[in-house]
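Student: Could you take me through this protein one question at a time, and explain each term as we reach it?

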Amino acid sequence: GGACEALLVLVADELVWAVLVRRGVSGETMSNPQLHRSFAALSLEVDAAIAANGAKRAEVRDIGGALRSFEASYLLSGSTSSLVSLLETSIPREPFLACAGFRALLEELRSADARDKSLAAEQQAVKRKLDEAQQACAQRRAQAVQTGRSSRQLALHGHASNKESNFKVAYQYFASAYALEAKPAFLLSMCNMKLKAGWLAAPELVLRHFDKALEPGESVLSRAEASAAARKHAEAAAAMQRARSSQLAVSIAGELAGPAFGPKAVELAARMRAAGHAANRAGDIAEAHACFQAAYALVHHPADGISMANMKLKSGDSEGARDDLLELRANAAAPPKGVPLITAPQLAIVDQKLEQLGGVPA
């Protein structure tokens, strides 16, 4: 009825506003409110489509496809529900990483705002999933003991596979070693192999709360291991930031969200781009940056990325501009799948601006 429809509109408005806040767009600087709301609404539609795709793939036991979808959804939205779905789906294949992830997520929820009553329900749900993962771990441990192999042997095979860039096999060796002996070094190596294989969400979460992600009472974290975990987390967080900047465009261009969003994204990016140039001419640098940022998120066109960096330079944010330019340069070397490639003239502009900001780091 009408009351239900009004509630749905209210919820949709709250979600749209949350997307705008995450992008740093406020009511005070928003001179194209409807345009920004259209961007936020499209982002939410894409995320919903990706999450639904993940759920469908999980139902038919396409575990790899489900994991890719839930990872993409988490990179796009940062939602706890996508992260829980990702960890839950990984339990049959990777119970120890899932267990570590649920422990880390519980720590994350405990450190959040205690006044938020919804967190108590989330914590209980995560605890139930942790119990499920621990049962799977117990079964995997029993199987590992029956093989008669030692954790040291398995770890040596893992290091050898890593040297051969066979990260998936290396991960399995380290996970088997961890099943026999829950050493922090083995979990660190598991996270490292996942990162090298291109999986970001679970290892980043585990490394973020590494001391809390370990098997309780099973091992003691050394100072060297804590330092290594912090270093690896910094690498994972940087990789997550790069992936998040292109995730919307990659999802729209690929199969994760479906073909219906492509034309919408191109049309909205063109409108955002035009609004950005108009705002720049009017001297509204904050609005121009927000528009170019949205256009870049939608189609990941290098020209929009350069414009976005230019607006940061105009506003005095040299460090932010440098980060944007370095990302453009990194994408030139390893372009995200399905997005426009940077041209030689555009790359020359990027390098010129970087030189003005101190050059490219070695």
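The questions and answers below go from the whole chain to single pairs of residues.

Tutor: This is a predicted model, so local features need pLDDT of at least 70 and side-chain atom pairs count only at pLDDT 80 or more, while totals for chains, interfaces and linings use all residues. Residues are numbered from 1 along each chain as its sequence is written, and side-chain values use heavy atoms, with hydrogens and water left out.

Student: How many helices and how many strands does the protein chain have?

Tutor: Helices (H or I, at least four residues) and strands (E, at least two) are DSSP runs, numbered from the N terminus. Counted in that way, the protein chain has 17 helices and zero strands.

Student: What percentage of the residues in the protein chain is buried?

Tutor: A residue is called buried under 20% relative accessible area, exposed over 50%, and partly exposed in between, using a 1.4 Å probe and protein chains only. Among the 362 residues of the protein chain, the buried share is 45%.

Student: Which helix gives the largest share of the largest nonpolar core?

Tutor: A nonpolar core is a set of buried Ala, Val, Leu, Ile, Met, Phe, Trp, Tyr and Cys residues joined through side-chain atoms within 4.5 Å. The largest one has 60 residues, and those touching the most other members are L83, F102, L187, M190, V206, L207 and F210. Its largest share is 10 residues, and these come from α5.

Student: How many residues are in the other core, the one with L42 and C291?

Tutor: This other core lies apart from the largest one, and A72 and V299 are also among its members. Its size is 23 residues.

Student: How is the aromatic pair of F96 and Y178 arranged, stacked or edge-to-face?

Tutor: Rings of Phe, Tyr and Trp (its six-membered ring) pair if their centres lie within 6.5 Å, and planes under 30 degrees apart count as stacked, over 60 as edge-to-face and the rest as tilted. The structure holds one aromatic pair. In it, F96 and Y178 are 5.7 Å apart from centre to centre with 85 degrees between the planes, so the arrangement, by the cut-offs above, is edge-to-face.

Student: Which helices hold F96 and Y178?

Tutor: Both F96 and Y178 are buried. They link distant parts of the chain, being 82 residues apart, with F96 in α5 and Y178 in α8.

Student: Which residue forms a salt bridge with E215?

Tutor: A salt bridge is a side-chain nitrogen of Lys or Arg within 4 Å of a carboxyl oxygen of Asp or Glu, and a search of the whole structure finds 17 of them. In one of these, the N to O distance from the side chain of E215 is 3.2 Å, and the other partner is R103.

Student: Is D304, which forms a salt bridge with R273, buried or exposed?

Tutor: The closest N and O atoms of D304 and R273 are 2.7 Å apart, and the pair links helix α15 with helix α13. R273 has a relative accessible area of 25% and is therefore partly exposed. D304 has a relative accessible area of 1%, which means that it is buried.

Student: Which ring does the charged end of K194 sit over?

Tutor: A charge sits over a ring if NZ of Lys or CZ of Arg is within 6 Å of the ring centre and within 35 degrees of the ring normal. R244 lies over the face of Y74, at 5.3 Å from the ring centre. For K194 the distance to the ring centre is 4.9 Å, and the ring is that of Y171.
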